[in-house]
Amino acid sequence: MLDGSGERKKLVQVKNLKMHFPIRTGFLRRVTGAVKAVDDVSFDIYEGETLGLVGESGCGKSTCGRAVLRLYEPTAGSIILDGEEIAHAPFDKLRRLRPKMQMVFQDPQASLNPRMTVAGIIGEPLMEHGKMTGKARLERIYELLDAVGLNRDFANRYPHEFSGGQRQRIGIARALALNPKFIVCDEPIAALDVSIQAQVVNLLEDLQDRLGLTYLFISHDLSMVRHIADRVVVMYLGKVAEIGPRDGLYDDPLHPYTKALLSAVPEPDPISHDNANRTILQGDVPSPANPPKGCNFSTRCPVAMDICRQFDPEVREVKPGRFVACHLYNETTHETAGHAAEPVEA
C-alpha cells in the first residue's frame, strides 16, 4: 500500500530492539548476567505485506515477535506501529493501541481457555475493548466464525471438542475480532498435522487479501515461509543475519548461515535430494547468555576469518533491498583490517 508520496507505507518499524532476560544467582538472587534473546534487531514491515522471520530453534524469533507487540517489556530499542511509538508507552496508551495489533499463538490448545466456550473466547476482546451490546456482539462472533470457515453451531462448544486445525481457526477468529491492522503469527502451523497446515496458511492468505492485513510470520518451516512471505528476515542467536526479498534470498542467499539453513531444506525429488551440495555446520549453537566475541556465527561458520572473531559486523545494504551482517561483504572493515585475515575452517 502506498502513502501520499507514492512510496510504500511502513506500518511497523523496529529499530535496535533488545530483549535481555536477567540471570539471578546466589542466595540473594543478584543479577549476574543476562540472556540476550534479542540483541539489536532492526527491520521494517510495509503495510499489506507478510514478513517472514526464520531461524533455528532458540534464535529469538518468538521472543522478538512478542516484544514487538509489547507482550514483553523491551530492554531497549524503538517500536513504531502505524506512526506511534509503543516500545515504552504507558499502559493507558498501550491499551488504546491493542486493537491494532494481535497475535496468533503457536499452540492452539494452550492459548485457548478450556473453561470458556468458543463464543466466550472470540467475544472476550469485544467485551474488553468494544461497546457492543449482547445481540451485536453475538452477530459479530458469528461473522468471525464464518470468516475462518467454522460452523455457527460451534459457538457454544468448548475447545477440547475441536481438532488442532479447528482450534487454530478459533484463535485466528479471536485475533480478528477487533479489526487489527497487524498480526504476529508465531509458528501458527507448527503444532498441526501436515495435511492441515496448508489449509491454515491458505486461510491466512485469504484473510490478508480480504481485510488488508499485515503479517509478521514466524516459522522454522522454510518451505512454508517461501510460499507465504514477501520478504524474509533470517535470525541467528538473537541477531539479524540477512534480510531480503523472498525470491532473491532463496535463490541467492548471501550470509553463510542463510546458505546452510536453506541447504537443509529437503528436496522433493529423490535424485536432487541425494545429489544436493549441503552445508553441514559443525559444533553447537552458543549460549545466548554467553555469546562469542565478534560475529555470533563465527564459531560455526565454514568461511570464518580472524576479523569475524574480533568485531561484530553491522547489517549493511549490499544490493538493492538486500541486507546482510557479514564481514565478507564489508569492504570498509576489510580495509581497516588490512586484508590480513584469510578464510579458515571454523
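Student: Is D82 buried or exposed, and what is its relative accessible area?

Tutor: The model is predicted, so local features need pLDDT of at least 70 and side-chain atom pairs count only at pLDDT 80 or more, while totals for chains, interfaces and linings use all residues. Residues are numbered from 1 along each chain as its sequence is written, and side-chain values use heavy atoms, with hydrogens and water left out. Buried means under 20% relative accessible area, exposed over 50%, and partly exposed in between (1.4 Å probe, protein chains only). D82 is therefore buried, with a relative accessible area of 17%.

Student: Which residue does D82 meet in a salt bridge?

Tutor: A salt bridge requires a side-chain nitrogen of Lys or Arg within 4 Å of a carboxyl oxygen of Asp or Glu. The N to O distance in the bridge of D82 is 3.2 Å, and the partner is K100.

Student: How many residues apart in sequence are the parts that D82 and K100 tie together?

Tutor: The salt bridge joins the side chains of D82 and K100. D82 lies in the loop between β4 (76-81) and β5 (84-85), and K100 in the loop between α2 (91-97) and β6, so the parts tied together are separated in sequence by 18 residues. Helices (H or I, at least four residues) and strands (E, at least two) are DSSP runs, numbered from the N terminus.

Student: Which residues form one network through salt bridges that share partners?

Tutor: R316 also forms a salt bridge, with E314, at 3.5 Å between the closest N and O atoms. Shared partners link salt bridges into one network, and its members are K9, D82, E84, R96, K100 and K181.

Student: Which helices does the salt bridge between R226 and D251 tie together?

Tutor: The side chains of R226 and D251 meet at 2.9 Å, N to O. R226 lies in one helix and D251 in another, so the pair ties together parts 25 residues apart in sequence: α7 (residues 222-228) and α8.

Student: Why is strand β3 described as largely enclosed by the rest of the structure?

Tutor: Both faces of β3 are covered, with T50, G52 and V54 buried on one side and L51 and L53 buried on the other. In a regular strand the side chains alternate between the two faces of the sheet. The strand (residues 50-54) is largely enclosed because its buried residues number 5 of the 5.

Student: What is the bridge partner of L53 in β9?

Tutor: Strands pair if DSSP finds at least two bridges between them. β3 runs parallel to β9 (residues 231-236), joined by 4 bridges. Within β9, L53 has as its bridge partner V233.

Student: How many of the residues of α5 are buried?

Tutor: Helix α5 (residues 164-176) reaches 19 Å from its first C-alpha to its last, close to the 18 Å expected at 1.5 Å a residue, where the expected span is 1.5 Å times one less than the number of residues. Its buried residues pack against β6 (101-104), α3 (118-129), α4 (134-147), β7 (182-186) and α6 (194-211). The helix is largely enclosed by the rest of the structure because the buried count is 11 of the 13 residues.

Student: Which residues does H255 touch, not counting those up to four places away in sequence?

Tutor: H255 is found in the loop between α8 (246-251) and α9 (256-263). At 4% relative accessibility, H255 counts as buried. With contact meaning heavy atoms within 4.5 Å, the residues touched by H255 are A241, E242, F297, V324, A325 and C326.
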